[in-house]
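The following paragraphs go through part of a protein model, starting with strand pairing and ending with the nonpolar cores.

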Amino acid sequence: MKIGSLNIDNKLIVAPMAEVTDAPFRKIAKKMGAGLTFTQMVSADGVARGHFETLRLLTFSRDEKPIGVQILGNDPEIIKDAVKEIIKLKPDVIDINAGCPVKKVITKKMGSALLSSPKLFGKIIKQMVDSSNGIPIMVKVRLGNDRNNINVIENAKIAEDNGASGIIVHARTIDMQYNEPHLPEWIRKVKESVNIPVVGNGSVFKPEDALEMIRSTGCDSVSVAR
């Protein structure tokens, strides 16, 4: 699978997970066959301000590549500044989190809250692409606020139109959190609607789950988290 100029040999991606995807974990995952790993999610504001604890989470060694970085934020200018700092570390992918459903993130209008602001969402992606010096930009999304307000296809097209090189789709709405059964048919609908790679995510707990997600949705790869 190609994400922009990056060619990933193995279709299995390890998602960024707070207090989990540190360097030892990532190296084990890579040794076991992961095609791409991510550092822990970091605050765009923390990166832009040069906050030590934030920058510490971004450190990785050359033998961990290919590796991605995921940022969290909602201010296009701050995110632009963060990307300019991140590219100095030379990751292989930079991802914007528009998928986190946690209340403390949503109330700050970050994570999945971005899905309700399409113009802002598009502007953020465009700023990232323009500032990334060719490093591929990805987007992590959920389906929408709830089952009656699913807008993932519109947001996937916004991501593509603004230069994103790939999209990770968690097949749940915000109000579904992590508990209700996921809706993989929406991954298939996104795949049919855009021309950039689509990565499936949600309820992948064993190898058979990953294979079934690829088979049933046609997604280009699978992102494993919990």
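Strand S5 (residues 42-43) pairs with strand S6 in the parallel sense, over two bridges. Ser43 has Leu72 of S6 as its bridge partner. Helices (H or I, at least four residues) and strands (E, at least two) are DSSP runs, numbered from the N terminus, and two strands pair if DSSP finds at least two bridges between them. The model is predicted: local features need pLDDT of at least 70, side-chain atom pairs count only at pLDDT 80 or more, and totals for chains, interfaces and linings use all residues. Residues are numbered from 1 along each chain as its sequence is written, and side-chain values use heavy atoms, with hydrogens and water left out.

S6 has further partners. Strand S4 (residues 37-38) pairs with S6 in the parallel sense over two bridges, and Phe38 is bridged there to Gly68. Strand S7 (residues 93-98) and S6 are also parallel, with four bridges; here the partner of Gly68 is Val93. S6, helix H4 (residues 76-86) and S7 form a right-handed β-α-β unit. Right-handed means that, with the strands pointing away from the viewer, the path from the first strand over the helix to the second runs clockwise.

How many of the six residues of S6 (residues 67-72) are buried? The count is six of six, where buried means under 20% relative accessible area (1.4 Å probe, protein chains only). In a regular strand the side chains alternate between the two faces of the sheet. In S6, Ile67, Val69 and Ile71 point one way and Gly68, Gln70 and Leu72 the other, and all are buried.

Helix H8 (residues 185-193) has Trp186, Ile187 and Val190 as its buried residues. These lie on the same side of H8, because they cover an arc of only 105° around the axis, the arc being that of the directions from the helix axis to the C-beta atoms. They pack against helix H7 (152-161), strand S9 (166-170), strand S10 (198-201) and helix H9 (207-217).

Ile71 and Val190 recur in the largest nonpolar core, which has 47 residues; they are among those with the most contacts inside it, as is Val141. A nonpolar core is a set of buried Ala, Val, Leu, Ile, Met, Phe, Trp, Tyr and Cys residues joined through side-chain atoms within 4.5 Å. H7 gives the most to this core, with five residues. Apart from this core lies another, of eleven residues, among them Met1, Ile13, Val93 and Met138.

Terms used
Buried means under 20% relative accessible area, exposed over 50%, partly exposed in between (1.4 Å probe, protein chains only). Contact means heavy atoms within 4.5 Å.
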